[in-house]
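The following paragraphs guide a reader through a single structure, beginning with its ligand and moving on to selected residues. Please keep the sequence and the model in view while reading.

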Amino acid sequence: MNSHRAGVVCGTGRAHGKAILLGEHTVVHGTPAIAFPLPTLAVHAVAQPGGSGASTGVPQAGRQFRFVAGADRVPDDPSSGPRVAVEEALRRWEIRERVEVVLDCDLPPARGLGSSAACAGAAVRAVADLYDRTVGTAALYELVQCGEQFAHGRASGVDASTALATGPIWFHAGTARPLAVGLDAALVIADTGAASATQPAVAAVREQLARDPQGAQRILHHAEELIESAAADLAAGLAAPLGRTLLEFQDLLRELGVSTPEIDALVTAALHAGAYGAKLTGAGRGGCVLALTEPGSAAARVSAALRRAGAVQTWIVPTHGMPS
Ligand code: PMV
C-alpha cells in the first residue's frame, strides 16, 4: 500500500541478499544450486514520481543509492542493474512518468551476497507499490533478471530467485523450489574485503570448461552429486557430512580457478576453529567465505577466528527457523 511522505505519494519495497551454499558457477552450466536468503541483510527502497539529477554512484553498504528512471530520464546517466529492472517494469506497465528510487542497502556490493539482485528486487517492488501494481513472483523474477543480465551477462537466476525467496531454495534450470531443512546449525559468512566481479569470473570458468570438455564433464558431474547429497543431508539434519561436502565443493571451485589465497586462509581458519566445513560463496576471486558450524557459541568462536584471520566483517545466519 503506497503512502505519503512530506505530502508526496511514495511506494516502498524490500528484498534481501543471498548466500549460495553449493552450486555457484556450475549452476551456469546446468547443475542445480542450493541457496539461503539472508533476511537480515536487506535493501529498502522508496520510489516517488518525478526526480531530477544524475544517479549517485553505485550501491554501497550503509549508504544511500539513488537513481531516476522512466520518461525523459537524465541523459548520459550511467545505467545499473536496478535501474534496468525498473525501466523494464515501467515499459511493461506502460507508465510514462519519471520515477526516483532511493535505496538503502545493508549489503556490501561485489561480495557474492547478491546485492545487485536485492537492489533490483526492492526497487521494482517500490515502483509496483507506488503505482498499485500487483506483481507475482514470476513477473518480479523476470524483471530482476533483466537487471542481472545487464549487470552480470548471462546470469543463472539463482541470485534473483533467492533475493525474492522467504526460505532456502533448490534452484535448477531457471526454476526455484523451497528446500526442506531439518538442520539446526549456523552459517558463518566472512567477507575477505576484496571485491568479487561476477562477469569476468563466470567468463574465465566458461573458457576453462570449454578448453577441456572431458574435464568439464567430470567436474559438473561431481558437482551435481555433491549438491544432491547436500540436499539430503540438509533435510536429514546431518551437519558433519554436509561440512565435508562443502569442502569437496571448495576443491572443485579451486580447480575452476575462482579461489584465492585469502579465501583458502579463511577456509583453513574456520576449520581450525571447529567448523564442519567451509567454502567460498558467490563468484569468488574475492568476496565471501561461508562456514557451516554448530549454532550458538561455536558459531561465535568461528566468527571470531575468521576475523582474526583477516575477515573484515562476519555474519551469523541460522539454518533453522526460515520458512521453507
Ligand atoms: O554474483 P554473485 O557473486 O552473487 O554470484 C553469482 C553466482 C554465479 O554462479 C557465479 C553466477 C550465476 O549467474 O549463477
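Around the ligand stand 16 residues, of which Lys18, His25, Ser156, Asp159 and Thr198 come nearest. The model in which they appear is a predicted one. By character, the residues of this shell divide into seven nonpolar, six polar and three charged.

Several polar contacts join the protein to oxygen atoms of the ligand. From Lys18, a polar side-chain atom lies 2.6 Å from a ligand oxygen. His25 takes part through its backbone, with an N or O atom 2.9 Å from an oxygen atom of the ligand. Ala283 likewise offers a polar backbone atom, and a ligand oxygen is 2.9 Å from that atom. The ligand taken alone would expose 380 Å², and the protein buries 95% of that area. Three elements give two or more residues to the shell: strand S2, which covers residues 8-22, helix H4, which covers 158-164, and helix H5, which covers 198-211.

Lys18 merits a closer look. This residue is found in strand S2, one of the elements that give two or more residues to the shell around the ligand. Is Lys18 buried or exposed? Its relative accessibility is 2%, and because buried means under 20%, Lys18 counts as buried. Besides the ligand oxygen at 2.6 Å, the side chain of Lys18 reaches the backbone oxygen of Gly112 at 2.9 Å. Leaving aside residues up to four places away in sequence, Lys18 touches Phe36, Pro37, Leu38, Gly112, Leu113, Gly114, Asp159 and Thr162. Asp159, which is among these contacts of Lys18, is also one of the residues that come nearest to the ligand.

The account now turns to the aromatic residues. How many aromatic pairs does the structure hold? There is one such pair. The pair is formed by Phe65 and Phe67, whose ring centres are 5.8 Å apart. The planes of the two rings meet at 45°, so the pair is tilted; planes under 30 degrees apart would count as stacked, and those over 60 as edge-to-face.

Both partners can be placed further. Phe65 is found in strand S4, which comprises residues 64-70. With a relative accessible area of 2%, Phe65 is buried. For Phe67 the relative accessibility is 0%, so Phe67 counts as buried. Finally, Phe65 and Gly81 are 16 residues apart along the chain, and their C-alpha atoms are separated by 12 Å.

Note on methods:
Residues numbered from 1 in each chain as written. Predicted model: local features only at pLDDT ≥ 70, side-chain atom pairs only at ≥ 80, totals over all residues. Heavy atoms only, no water. Near = heavy atom within 4 Å. Polar contact = N/O pair within 3.5 Å; in protein donor to acceptor, adjacent residues only side chain to side chain. Areas by Shrake-Rupley, 256 points an atom, 1.4 Å probe, with all protein chains shown as cover. Helix = DSSP H or I, 4+ residues; strand = E, 2+ residues; numbered from the N terminus. Nonpolar A, V, L, I, M, F, W, Y, C, P; charged D, E, K, R; others polar. Buried < 20%, exposed > 50% of the residue type's maximum accessible area, 1.4 Å probe, protein only. Contact = heavy atoms within 4.5 Å. Phe/Tyr/Trp six-rings, centres within 6.5 Å; stacked < 30°, edge-to-face > 60°.
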